[in-house]
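Work through the exercises below with the sequence and the model at hand. Each task is followed by a solution in steps.

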Amino acid sequence: MVNPDNNAIVSIRGLSNAFDGRYVHRDLDLDVRPGEILGIVGGSGTGKSVLLRSIVGLQRPVAGEISLFGSDMASANETERLQIRQRIGVLFQQGALFSSLTVTENVSLPLIEHRGLSTRMAADIAAVKIAIAGLPPHAGDLYPADLSGGMIKRAALARALALDPDILFLDEPTAGLDPIGAAAFDQLLLTLRDAFGLTVLMVTHDLDSLHAACDRIAVLSQQQVLVVGPLAEVAQTDDSWIQSYFAGPRGRATAKSYPTDDNTASSGSHVKSDGFGSPPRRTND
Ligand SMILES: Nc1ncnc2c1ncn2[C@@H]1O[C@H](COP(=O)(O)OP(=O)(O)OP(=O)(O)O)[C@@H](O)[C@H]1O
């Protein structure tokens, strides 16, 4: 039985995932607190996406317990699982919108399927979600092929928000966006967190996002969460990958861009500002 810690909205204990006997995670623990933006980082292949997939039920672990909103997913019955799934929003890479449907139809779909709304009512609510996601009203009539990369992310976000989730799971939400679009997306996440109390768990390689948006950062390494905490603490962890990530040339350049009390670039030591009025994003990626 999972024992949720600190009212964690997601509580993971002893999680193991393996493919053909090769372990990606072994005995991994992690808690996600309500109202936080938690960033997951780690080297390529450390299992960040597999972790997200396990939490949202797309990957069956070989061991461990995952509790969402205090309910253990493995022992939940189908009705409970459905209720839990409706409280989560997911935005995976590429957006995964239906190409044959307009943005409004894409966002309406979960409202029609899970809330039983008429097409008309669902479209009205979809219009609100599309606006919240920062798209202009006419975007609702467009098809995914007509959208820019940034607009696709926002349309996918609008769909993820359709059912008013309590938590959003995002897999590299700023990947492929230009620096201005990526910074705007970070700000949008902060606004959603602050305005709606949304909790966000996001996998990201984006150092700017870690600085601008994340309350805490979890580093995956050696099949486990090596360290989790505010960026300033994590960046000082005595680990070679963490040091090369946060205190390497890019990590130092990013840290310099963000105002802190003690912005010593060598340690990468930094606690994020309260979000709005973010500093300029680096353009030298
Ligand atoms: N369905 C699968 N079948 C077999 N192996 C898989 C499967 N899904 C993931 N893996 C393996 O699990 C490991 C972790 O994959 P994952 O995609 O979670 O890494 P990641 O940390 O997200 O990497 P990246 O940062 O490069 O996206 C990889 O070695 C990958 O090949």
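**Exercise 1.** Find the residue of E5 that stands opposite serine 67, and place this pair in its sheet.

Solution. Step 1: the residue opposite serine 67 is aspartate 72 in E5. The model is a predicted one, in which local features need pLDDT of at least 70, side-chain atom pairs count only at pLDDT 80 or more, and totals for chains, interfaces and linings use all residues. Residue numbers start from 1 along each chain as its sequence is written.

Step 2: strand E4 (residues 63–68) and E5 are paired antiparallel over two bridges. Strands (E, at least two residues) and helices (H or I, at least four) are DSSP runs numbered from the N terminus, and two strands pair if DSSP finds at least two bridges between them.

Step 3: the open sheet has four strands in the order E2-E1-E4-E5, with antiparallel pairing. Strand E2 (22–32) and strand E5 (71–72) are at the edges with a single partner strand each, so one side of each has no neighbour in the sheet.

Step 4: H1 packs on the sheet and touches strand E1 (10–19), E2 and E4. The direction of H1 makes about 120 degrees with that of E1. Contact here requires C-beta atoms, placed from the backbone, within 7 Å; axes are lines fitted to C-alpha atoms, for helices over the stretch in contact, with angles from 0 to 180 degrees between N-to-C directions.

**Exercise 2.** Which residues of H1 are buried, and which residues are around the ligand?

Solution. Step 1: six of the eight residues of H1 are buried, namely Lys48, Val50, Leu51, Leu52, Ser54 and Ile55. A residue is buried if 20 or more other C-beta atoms, placed from the backbone, lie within 10 Å of its own.

Step 2: around the ligand are Phe19, Val24, Gly42, Ser44, Gly45, Thr46, Gly47, Lys48, Ser49 and Val50; the criterion is a C-beta atom, placed from the backbone, within 6 Å. Helix H1 (residues 48–55) gives the most to this shell, with three residues.

Step 3: by class, the shell has three nonpolar, six polar and one charged residues. Ala, Val, Leu, Ile, Met, Phe, Trp, Tyr, Cys and Pro count as nonpolar, Asp, Glu, Lys and Arg as charged, and the others, Gly among them, as polar.

Step 4: glycine 57 follows H1 and has a positive phi, near 90 degrees.

**Exercise 3.** What is the strand order of the open sheet of six strands, and which strands stand at its edges?

Solution. Step 1: the order is E6-E7-E8-E3-E9-E10, with mixed pairing. Strand E6 (88–91) and strand E10 (224–229) are the edge strands; each has a single partner strand, so one side of each is left without a neighbour in the sheet.

Step 2: strand E7 (residues 167–171) and strand E8 (residues 199–203) run parallel, joined by five bridges; isoleucine 167 has threonine 199 as its partner in E8.

Step 3: strand E3 (residues 37–42) and strand E9 (residues 216–221) also run parallel with five bridges, and leucine 38 stands opposite arginine 216.

Step 4: E9 and E10 pair in the antiparallel sense over five bridges, with glutamine 224 in E10 as the partner of serine 221. These two strands form a hairpin with two residues between them, and glutamine 222 in the turn has a positive phi of about 50 degrees.

Key
Buried ≥ 20, exposed ≤ 12 C-beta atoms within 10 Å, placed from the backbone. Contact = placed C-beta atoms within 7 Å.
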